[in-house]
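Dear colleague,

I am handing over the structure below, and my notes on what was found in it follow directly after.

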Amino acid sequence: MTAGWTEDRVGALKKLWLEGQSASQIAKQLGGGVTRNAVIGKVHRLGLSGRAAPSQPARATFRPSRPRPAQPTQAPSAPRRIEAVQPRAVVAAQSVPAPMPDLPGTATVMTLGAHMCKWPIGDPSSNEFSFCGRRSSEGVYCVEHARVAYQPQVKRGGATDLARSLRRYI
């Protein structure tokens, strides 16, 4: 609950507002339970619109905006032909990590790729939860997990199934 808008507070509000202070800064300086929203409401009721300069938060570094490339006025008439480039000698870099071994349970949600087996391994609520991560064959699972997930339909006895389905209509 606020102590109310006294003449002193209104005067201080007007002075700080015209100096370019933000509503939050003014509320902190006025104190006594005055909130940012109360300051904004009072500014609107008083009809204060002109400010010296809007306050800007101090930024640690200045980054100039990047110039945007000019848009071409006409689209190219035909696609360009890409010439074959001589392959460069591949130099093994020490900083590049070795590829993940093809072991089940090595992929996490963050490392799971499009052609990796998405078979869940472990309890999803535990820290050790992972996915298979091996190369998937055609679907979302590797060959081993696809055999488990996609089992062929078992044929049932022909006459007994027919009798069961006909009971619905009798």
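Is the crossing of α1 and α2 left-handed or right-handed? The crossing of these helices is right-handed, where right-handed means that the near helix is turned clockwise from the far one by less than a right angle. Please bear in mind that this is a predicted model, in which local features need pLDDT of at least 70 and side-chain atom pairs count only at pLDDT 80 or more, whereas totals for chains, interfaces and linings use all residues. Residues are numbered from 1 along each chain as its sequence is written, and side-chain values use heavy atoms, with hydrogens and water left out.

The axes of α1 (residues 7-18) and α2 (residues 23-30) come within 10 Å and cross at roughly 145 degrees, the axes being lines fitted to C-alpha atoms over the stretch in contact, with angles from 0 to 180 degrees between N-to-C directions. Helices are DSSP runs (H or I, at least four residues), numbered from the N terminus. Among the residues making the contact (heavy atoms within 4.5 Å) are Leu13 and Trp17 of α1 and Ile26 of α2.

The largest nonpolar core (buried Ala, Val, Leu, Ile, Met, Phe, Trp, Tyr and Cys residues joined through side-chain atoms within 4.5 Å, buried meaning under 20% relative accessible area with a 1.4 Å probe, protein chains only) has twelve residues, including Leu13, Trp17, Ile26 and Leu48. The most residues in this core, four, come from α2. Apart from it lies another core, of five residues, among them Cys117, Cys132, Cys142 and Ala146.

Finally, a search of the whole structure finds zero disulfides (pairs of cysteine sulfur atoms within 2.5 Å).

Best regards

Key
Helices (H or I, at least four residues) and strands (E, at least two) are DSSP runs, numbered from the N terminus. Buried means under 20% relative accessible area, exposed over 50%, partly exposed in between (1.4 Å probe, protein chains only).
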